[in-house]
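Here's a quick tour of a multi-chain model. Have a look at it first, then read on.

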Amino acid sequence: MPRFLLTKFARAMLTILLVMSFAFIVLRLSGDPAQVLLGPDAPQDAVDAFRARWGLNDPLWQQYLAYLRQLAAFDFGVSMRDHSPALQLVMDRVPATLALTVPALMLKICIGIPAGVYAALHRESVADRGVIMLSIFGFTIPSFVLGLVLVLVFAVKLDWLPAGGQDGWHYAILPIATMSIGGIGILARFSRSAMIEVLGQPYIRTAMAKGLPWRDVVWKHALPNAAVPIVTLVGFMVGALIAGAVVVESIFSWPGIGRLIVVSVANRDLAVVQCILLVIAASMVMANLLVDFAYGALDPRLRGAAPGR
Amino acid sequence: MNAILQATGLVQQYTTAKSLFGKPGTVRAVDGVDLTVNPGEVVGIVGESGSGKSTLGRMLLGLEAPFSGRVSYLGRPMPAPRSAEWRRLRAQMQLIFQDPLAALDRRLTVAAQIAEPLDIHRIASGAERQERVAALIHRVGLRPDQARRYPHELSGGQRQRVVIARALASQPRFLVCDEPVSALDVSIQAQVVNLLRDLQEREGLSMVFISHDLKVVRNICDRVAVMYLGRIVEEAPSDRIFADPRHPYTQALVSSVPKAGAGLRGRIILQGEPPNPAARPAGCAFHPRCRIADAACAAKVPALERHDGRLAACLKLQSNQRTAA
Amino acid sequence: MSFVLIRDLKVAFDGVQVLHGIDLEIAPGEAVGLVGESGCGKSVTWLAALGLLPGKAQVRGSVMIEGRELIGAPRAQVEAVRGARIAMIFQDPSSSLNPVHRVGRQICESLRLHRGLRGAAARSQAIALMDMVGIPSAATRIDLYPHEFSGGQCQRLLIAMALAGKPDLLVADEPTTALDATIQAQILDLLSNLRRQTGMAMVFISHDLGAVSAVCDRAAVMYAGRIVEQNDIGRLFDAPRHPYTRGLFDAIPDLDAGRARLHPVPGTVPDPRKLPRGCAFSARCAAASGLCQDHQPELRPQRQGGLLACFHPAQEPAARRQEMLA
Ligand SMILES: Nc1ncnc2c1ncn2[C@@H]1O[C@H](COP(=O)(O)OP(=O)(O)OP(=O)(O)O)[C@@H](O)[C@H]1O
Ligand SMILES: Nc1ncnc2c1ncn2[C@@H]1O[C@H](COP(=O)(O)OP(=O)(O)O)[C@@H](O)[C@H]1O
Ligand code: SF4
Ligand code: SF4
Ligand SMILES: [Mg+2]
Ligand SMILES: [Mg+2]
């Protein structure tokens with residue numbers, strides 16, 4: 001078991017390192033922070049000082065090594081803009097983002113999965129068709145369109161809810177709605193097909209042939225099997241808790257990670273961008289690990305070696 | 001008589017990616033097989049699932065290089081897979097396997113499928129190509145109008161006929177049939193078995209016929225090799241092996257075939273599970289299930305040797321005369 | 001009195017009729033074989049009887065168990081029959097067990113349902129059942145998962161599960177088709193021993209005529225959704241009268257015969273969407289006449305015993321034997 005854990009952990013670390021290296025190189029190659037931060041009219045000596053200050057004159061590989069050394073010491077750098085610690089800047093924004101994404105995830109799970117399962121159990125019924133239609137609507141419409149439509153209807157026309165900002169819980173309603181509708185559709189579709197697949201399996205017929213009441217067939221035999229693929233998808237959604245709000249935060253001027261990343265990229269604030277990417281990569285990798293463990297718990301076939309025949 | 005195909009000491013092993021917990025294991029799918037196929041002969045391979053029949057078949061055709069051992073075709077060593085010489089040989093040796101729908105391209109008509117090998121091996125073109133296709137369709141007992149059909153529009157037996165026609169297109173001299181009739185219903189199975197027999201007799205094809213249906217093997221094969229856990233345990237002419245099996249495994253296998261009207265009496269019921277190549281028992285691999293095994297069987301590996309007009313690998317052949325009846 | 005009485009059972013999927021009126025009786029304790037090529041409706045007959053077909057199937061006719069109707073009965077009533085009166089096992093043992101539950105739990109579930117056993121009592125009974133069907137060291141293997149058992153063992157586990165409800169009838173739907181020859185022999189042996197011990201009736205569905213003859217008292221031959229011949233095992237095998245039954249028997253190679261040419265049935269099974277108007281076998285039948293093309297022969301009791309649906313049945317089996325020997 002420890003070895004198994006270690007390989008998983010090592011693989012996770014490697015993934016993060018690869019993501020960070022890639023981001024590092026792409027960011028360095030894509031434009032000069034000095035130009036952006038200081039403006040095109042800045043005097044040459046100011047630009048030179050800035051470049052020296054941030055080590056931008058060194059060859060790329062030296063910058064990269066220096067960056068790795070920093071990372072190893074858990075030093076995530078300081079913002080090039082106001083010299084505050086980058087990690088602090090990022091972590092300050094995380095709660096605001098989670099305040100949107102966590103309730104949205106809950107909605108997706110609590111509405112999407114039951115709707116999909118219900119549709120699968122009542123195939124070809126009116127409810128089933130309804131779920132299919134709504135879920136197609138939900139995941140085909142892009143969130144920026146949906147967000148704008150919601151703003152137009154509920155903020156501009158009806159004036160029930162604020163169009164943007166963060167000043168109380170009702171400011172979160174429209175962003176959360178925008179974010180969850182697509183996910184509900186996807187999860188509903190996915191749960192429906194997972195459930196239909198499972199219901200067609202021979203072991204379901206066995207459970208019925210045993211004389212088990214239909215309710216027990218569904219709860220005890222079908223759902224535990226359908227849970228395996230569904231958990232994969234939920235895992236992806238958990239991984240996107242931090243990164244998944246960029247568009248919506250921009251639409252609703254919500255002061256979360258998404259906004260921070262937009263601003264920092266525009267400003268070429270490299271340390272902050274890298275730090276955000278690190279947090280995002282870490283959250284995704286963690287979600288993946290969780291999914292792996294959930295697999296083992298849900299399906300004994302994926303648990304590895306059996307305790308002997 | 002010069003053998004068309006000769007295999008000596010064939011071994012194939014695969015590494016299995018085990019779970020994250022255990023270390024990767026190796027599975028010996030075929031573990032030291034000698035086999036000769038003479039011109040015009042049909043050799044049957046029988047044995048339980050996982051005994052290495054298909055793996056052996058692929059090595060005989062040269063589709064897979066053996067881990068060790070040699071295959072020679074017409075006295076010359078089998079060229080390495082995918083070499084130019086190997087590609088030329090493909091026309092002469094063909095594989096027919098169990099699932100005809102998987103073997104056919106669903107987007108091509110019957111005629112196009114059958115013409116494929118003619119194009120690949122540049123055997124015929126133009127009018128001659130069409131003639132050949134028509135002749136092949138006729139030979140395997142399909143109707144001329146079925147040439148324009150697609151595989152999904154045919155029944156299982158008809159699809160297998162298409163597969164056979166395609167295999168015959170390049171005028172092969174050697175066929176390996178891997179469970180060619182197992183997916184077919186009995187009434188259709190008989191049609192395809194008859195077809196294979198006729199073709200074989202008419203064209204003097206040499207054939208290796210893999211099946212776990214002993215009744216079909218009995219009907220079509222001249223000689224039969226029984227495999228258990230990657231090795232041949234008994235090999236004899238068809239008449240002899242079914243009338244008078246001597247290896248305890250063969251005896252059980254033959255007696256396990258239910259006969260109409262015979263009831264369940266007199267059958268040898270083997271204890272235990274089908275063998276697992278990943279955990280091969282020491283000594284005679286069959287000893288955990290053998291009803292006459294003794295301590296010696298667990299210690300010594302029996303060699304395949306001549307015994308009463310056959311080859312058999314058992315330590316107790318002498319004392320096991322006619323115990324099965 | 002018969003235990004199960006099936007009358008005029010008809011099944012259609014999406015408007016395509018695949019069963020055209022099945023009549024079948026199973027007496028208590030009797031072993032009945034159901035043979036025929038794949039797709040002729042053997043499985044559908046019993047899945048329909050137990051209400052196990054998907055919702056799109058339209059089922060008509062009557063299935064009575066000890067005089068009580070099952071077709072159209074409330075769900076709870078059908079569920080009370082399943083497992084307790086009629087148990088069923090299937091062709092593909094490895095995928096017929098739920099992969100995410102321990103096998104012990106799956107057997108205990110049946111014991112709780114049908115015998116009210118729970119906890120330690122259920123567990124010890126489950127171990128006893130596993131012993132009974134020949135799973136070695138049952139006590140330690142009860143907590144394993146299905147993928148840790150071989151196909152033959154999975155079939156044994158399914159049989160154990162079926163026995164948990166002490167059914168009066170076990171429907172075994174091609175229980176050995178997916179298994180190796182030597183394991184097939186084990187399972188056949190087990191089934192016939194169990195039947196002797198428990199006295200339950202059995203329906204044995206198979207296309208292996210040899211296996212059917214070995215374990216059954218009586219057999220019905222199906223073709224294209226109908227029963228075409230039915231008789232005691234001895235009579236059916238000695239003197240098959242329907243041309244299809246004879247065709248089936250002749251098509252099977254004989255282990256004791258030499259390399260004689262086989263006698264296939266020409267043609268193929270008709271598509272259920274495009275059945276011929278008269279006898280469904282007419283296109284493949286050597287004895288077919290104009291009558292056969294236009295009219296459907298009915299399944300009628302014969303003077304010599306058995307049931308038969310054919311206008312021109314084979315009359316003299318003795319003559320045929322001689323002709324074959326010649
Ligand atoms: N490519 C492969 N990689 C790993 N293992 C393999 C591979 N091919 C075959 N094996 C293993 O080798 C053994 C023999 O397989 P093979 O397919 O030859 O059996 P077979 O006798 O043809 O069985 P069946 O009757 O089921 O077709 C099996 O244990 C199988 O799992
Ligand atoms: N779930 C289903 N949906 C549609 N058609 C089906 C279904 N199950 C069986 N059939 C059809 O019913 C007929 C009889 O099938 P079945 O009883 O399974 O045959 P078998 O005799 O091989 O057991 C076949 O034509 C088959 O295609
Ligand atoms: S060597 Fe021993 S165990 Fe092997 S088959 Fe012969 S008697 Fe049985
Ligand atoms: S009714 Fe006619 S076609 Fe049908 S089986 Fe009998 S003889 Fe043949
Ligand atoms: Mg094989
Ligand atoms: Mg069936």
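What follows covers domains, cores, a helix and two ligand sites.

This is a predicted model, so to speak: local features need pLDDT of at least 70, side-chain atom pairs count only at pLDDT 80 or more, and totals for chains, interfaces and linings use all residues. Residues are numbered from 1 along each chain as its sequence is written, chains are lettered from A and ligands numbered from 1 in the order written, and side-chain values use heavy atoms, with hydrogens and water left out.

Let's start with chain C. It splits into domain 1 (4–216) and domain 2 (240–325), with bounds from an automatic or database domain assignment. The C-alpha centres of these two domains of chain C sit 30 Å apart. Their contact (heavy atoms within 4.5 Å) takes 7 residues from domain 1 and 9 residues from domain 2 of chain C.

Now for the cores. A nonpolar core here is a set of buried Ala, Val, Leu, Ile, Met, Phe, Trp, Tyr and Cys residues joined through side-chain atoms within 4.5 Å; buried means under 20% relative accessible area, exposed over 50%, and partly exposed in between (1.4 Å probe, protein chains only). The largest one has 66 residues, and those touching the most other members include C:Ile107, C:Leu157 and C:Phe204. Helix α7 (residues 151–164) of chain C is the top contributor, giving 9 residues. Helices are DSSP runs (H or I, at least four residues), numbered from the N terminus. Because both domain 1 and domain 2 of chain C give residues to this core, it lies between them. Apart from it lies another core, of 65 residues, among them A:Leu241 and C:Leu52.

C:Phe204 is worth a click: leaving out residues up to four places away in sequence, its contacts include C:Val32, C:Leu188, C:Leu191 and C:Val215.

Two of those contacts, C:Leu188 and C:Leu191, are among the buried residues of α8(C). Helix α8 (residues 181–198) of chain C has 18 residues and reaches 26 Å from first C-alpha to last, close to the 26 Å expected at 1.5 Å a residue (that is, 1.5 Å times one less than the number of residues). Just after α8(C), C:Gly199 takes a positive phi of about 70°.

Finally, here are the shells around two ligands, where near means a heavy atom within 4 Å. Ala, Val, Leu, Ile, Met, Phe, Trp, Tyr, Cys and Pro count as nonpolar, Asp, Glu, Lys and Arg as charged, and the others, Gly among them, as polar.

| Ligand | Shell | Closest, including | Classes |
|---|---|---|---|
| ligand 3 | 13 residues | B:Cys284, B:Cys290 | 10 nonpolar, 2 polar, 1 charged residues |
| ligand 4 | 13 residues | C:Cys279, C:Cys285 | 10 nonpolar, 3 polar, no charged residues |

Terms used
Helix = DSSP H or I, 4+ residues; strand = E, 2+ residues; numbered from the N terminus.
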